[in-house]
Amino acid sequence: MHILKLNTLKLILNPKEDRRVKRGHCWIFSNEIKSVDINAKPGDLVSVYSSDDRFIGCGLYNPNSLISIRIVSNTNTELDSNWFKNKIAEALKFRLDLFSICLLYTSDAADERSSVDLGGRRIIKKKNKIHKR
């Protein structure tokens with residue numbers, strides 16, 4: 001099993017460039033980076049710090065892209081199989097909760113009572129029953 005371990009690879013942002021990330025944005029652009037550990041390679045997990053040396057999060061590093069960091073966590077963490085399983089389970093639960101309310105789809109064969117006409121295509125609201133296994 002491959003584990004991306006958070007180690008001493010440190011990336012420091014330019015002054016005031018931490019504001020978007022602190023508000024939940026997960027991208028850090030190359031022009032927002034003040035310095036990065038010389039040993040950091042594409043795909044490494046790096047610790048991201050503000051210009052005043054406060055830990056912000058950890059992210060995957062790609063020096064070959066304008067989006068140089070993709071933040072994956074705002075805590076010091078390792079990306080192992082359990083981390084991925086938990087993230088996938090959270091995403092699945094979110095989608096099941098979202099789509100248990102209703103399912104929207106388009107059809108030319110909808111009747112007037114169950115749909116809204118949008119330029120010749122109809123959007124139909126239909127109750128979606130989720131069968132738990």
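**View 1. Lys10 sits over the face of Tyr49, at 4.5 Å from the ring centre.** Keep in mind that this is a predicted model. Is the residue under that lysine, Tyr49, buried or exposed? Tyr49 has a relative accessibility of 18%, so with the cut-off for buried at under 20%, Tyr49 counts as buried.

**View 2. Trp27 and Phe29 make an edge-to-face pair.** By the ring-centre rule, the count for this model is three aromatic pairs. In this one, Trp27 and Phe29 are 6.1 Å apart, centre to centre, with 85° between the planes. How exposed are the two partners? Trp27 comes out as partly exposed, at 35% relative accessibility. Phe29 is also partly exposed, and its relative accessible area is 27%.

**View 3. Tyr49 pairs with Phe55, again edge-to-face.** Here the ring centres are 5.6 Å apart and the planes make an angle of 75°. Tyr49 is the buried partner, at 18%, while Phe55 counts as partly exposed, at 29% relative accessibility. Tyr49 is also the ring that has Lys10 over its face.

**View 4. Stepping back, the chain has two helices and nine strands.** Reading along the sequence, you get β-α-β-β-β-β-β-α-β-β-β. Of its 133 residues, 28% count as buried. The accessible surface adds up to about 9700 Å², and carbon and sulfur atoms account for 55% of that. As for contacts between residues at least 6 apart in sequence, 46% join residues at least 24 apart.

Conventions:
Residues numbered from 1 in each chain as written. Predicted model: local features only at pLDDT ≥ 70, side-chain atom pairs only at ≥ 80, totals over all residues. Heavy atoms only, no water. Helix = DSSP H or I, 4+ residues; strand = E, 2+ residues; numbered from the N terminus. Buried < 20%, exposed > 50% of the residue type's maximum accessible area, 1.4 Å probe, protein only. Contact = heavy atoms within 4.5 Å. Areas by Shrake-Rupley, 256 points an atom, 1.4 Å probe, with all protein chains shown as cover. Phe/Tyr/Trp six-rings, centres within 6.5 Å; stacked < 30°, edge-to-face > 60°. Lys NZ or Arg CZ within 6 Å of the ring centre and 35° of its normal.
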